[in-house]
Amino acid sequence: MAKLALLGGKKIRKKPFPSHPVFDDKERKEALSVLDTGQLSGFIANASNSFYGGHKVRTLEEEFKKYFKVKHAMAINSATAGLHAALAAINIGPGDEVIVPPYTMSASASAILMHNAIPVFVDIQEDIFTLDPTKIKGAITPRTRAILVVHLFGHPADMKLIMKIAKKYKLKVIEDCAQAPGATYNEKYVGTIGDLGIFSLNQHKTITTGEGGVVITNDDELALRVRLIRNHGEVIVNDLTPKTISGILGWNYRMTELEAAVGIAQFKKLDKLTDSRIELADYFTERLNKLNIPGLVLPKIYDTCKHVYFVYPIKYNKEKIGISRDLFVKAINAEGVPFGYGYVRPIYLEPMYQKQICYGNKGCPFNCKYYKGKANYRKGICPVCERMHFNELIVTGICRFPLVKKDINDVVIAVEKIISGKKELLDAQQNNRRQNER
Ligand SMILES: *Cc1c(COP(=O)(O)O)cnc(C)c1O
């Protein structure tokens, strides 16, 4: 048997995996066409046509509207800005609570804090890693105003139950679709089920403009509010009057023409890029299944859902495999394979939540006088999420264009190698310990 790379043997994968994203003449042509006009942004903050942005921004928005079959799409300069604007649009403010899962990118929760409102973390389902609807009711208080659901890793959250609870308790639903453009739940695209859906176009997402995002909704009033918030609403609000001007303080969340142009070319590739993710993920699953390693649990996909594999999640059982997850990951990394452990720390364990201070020094929003509840961010509040992060989850981004099945083969061989080199790994670990003790 070949010696493990971690113990000085040869790597399975010598050359790095090809990087993402890949641009071609389509993006180049789009970007150059903007440079030729000399107009890098078409936005002006007054009540004119320019309030809605330039030609490329509006073209990108039209494309989103067509694809998702929604009434409104608003291009914005990040998904974080989009989440902030969406929460402003539904008028979240001091004293309000918003339910959010702790297993997500930090911005899903910080967008709530930005409104002086309180993120209430509700645990995840352990099969698909998204907000657990059975645990939502227990977290609802008279202060709860909305549920911010995240379609994590590309698999939709259980929207049917979540929408049912939202309806019963009259809560708004914001869908963070940053990791799941094109994913579907009961044949509906995620982002079209709740009140507003937010997509990210940052460098690392399935399609990218470097930085950027898009908010979609079928609600005219919410769309107008997002447009105002995006572009200095306070100076326009007299001319474009929403039902209430509360929460219409404006920001500069405007997308440039250059980004939108690249976005137009990228968006046309969404289905193709998604198909290739799914094909590679299915192949990876098939190959891993054949290895039949008890202790590796492969991604669950609900019958009602289309998974778009922003990353490929694997649950790891230390007892069944016999080596710790972190040692397994270290060993496979040494073989040249990019696996990561745990995804992000449960958000509430970050210092800002533990110390309950996030801007200024008065402790708002946690100590805000309008807040009548008490935020609870103690370790242990979301045990499933903590177990996934600290013990069980492995994620990898290898299922994406321009990788091909041959690349996946290397990964499978590396997995096999580590599993069969288990004893050597354990022996080496023992030796290290003994030496350290001396
Ligand atoms: C990437 C990401 C965001 C933030 O996106 P930006 O466009 O970088 O602001 C928000 N939520 C989730 C789940 C993400 O993965």
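This is a short talk on the salt bridges, a small sheet, the cysteines and the main pocket of one structure.

Okay, before anything else: this is a predicted model. Let's start with charges. Searching the whole structure turns up 24 salt bridges, and I've picked out a few of them.

Take Glu 61 and Arg 230, whose closest N and O atoms sit 2.9 Å apart. Glu 61 belongs to helix α2, residues 55–68, and Arg 230 to helix α6, residues 220–230, so this pair ties together parts that are 169 residues apart in sequence. Are these two buried or exposed? Both Glu 61 and Arg 230 are buried.

Now look at Asp 220 with Lys 71, another salt bridge, at 3.0 Å between the closest N and O atoms. Asp 220 is in helix α6, while Lys 71 is in the loop between α2 and β1, and the two are 149 residues apart. Here the burial picture is partial: Asp 220 is partly exposed at 44% relative accessible area, and Lys 71 is partly exposed at 45%.

The next one is Glu 126 to Arg 387, 2.9 Å at the closest N and O atoms. Glu 126 comes from the loop between β3 and β4, and Arg 387 from helix α12, residues 383–392, so the salt bridge joins parts 261 residues apart in sequence. Glu 126 is partly exposed, at 34%, and so is Arg 387, at 27%. And there's a network here: salt bridges link Glu 126, Lys 315, Arg 387 and Glu 392.

On to the sheet. It's an open one with three strands, ordered β7-β6-β11, and the pairing is antiparallel. β7 (188–189) and β11 (305–306) are the edge strands with a single partner each, so each has one side without a neighbour in the sheet. β6, residues 184–185, pairs with β11 over two bridges, and Thr 184 has Lys 306 as its bridge partner in β11.

What about disulfides, how many does the structure hold? Zero. For Cys 305, the closest cysteine sulfur is in Cys 177, 13 Å away, which is too far for a bond. Cys 305 is also buried, at 11% relative accessible area. Cys 358 has its closest cysteine sulfur in Cys 364, at 8.4 Å, again too far for a bond. Cys 358 is partly exposed, at 24%.

Last stop, the largest pocket, with about 370 Å³ of space. It's lined by 18 residues, and the closest to its centre are His 204, Phe 310, Val 311, Gly 397 and Arg 400. The lining splits into nine nonpolar, six polar and three charged residues. That's it from me.

Methods
Residues are numbered from 1 along each chain as its sequence is written. This is a predicted model: local features need pLDDT of at least 70, side-chain atom pairs count only at pLDDT 80 or more; totals for chains, interfaces and linings use all residues. Side-chain values use heavy atoms; hydrogens and water are left out. Two strands pair if DSSP finds at least two bridges between them. Helices (H or I, at least four residues) and strands (E, at least two) are DSSP runs, numbered from the N terminus. On a 1 Å grid over the protein atoms alone, a cavity is a set of points where a 1.4 Å probe fits but cannot get out, and a pocket is an open set with protein on both sides within 12 Å along at least five of seven lines; lining residues have an atom within 4 Å of a point. Grid points are joined across faces, edges and corners, and a volume is the space filled by probe spheres set on the points. Ala, Val, Leu, Ile, Met, Phe, Trp, Tyr, Cys and Pro count as nonpolar, Asp, Glu, Lys and Arg as charged, and the others, Gly among them, as polar. A disulfide is a pair of cysteine sulfur atoms within 2.5 Å. Buried means under 20% relative accessible area, exposed over 50%, partly exposed in between (1.4 Å probe, protein chains only). A salt bridge is a side-chain nitrogen of Lys or Arg within 4 Å of a carboxyl oxygen of Asp or Glu.
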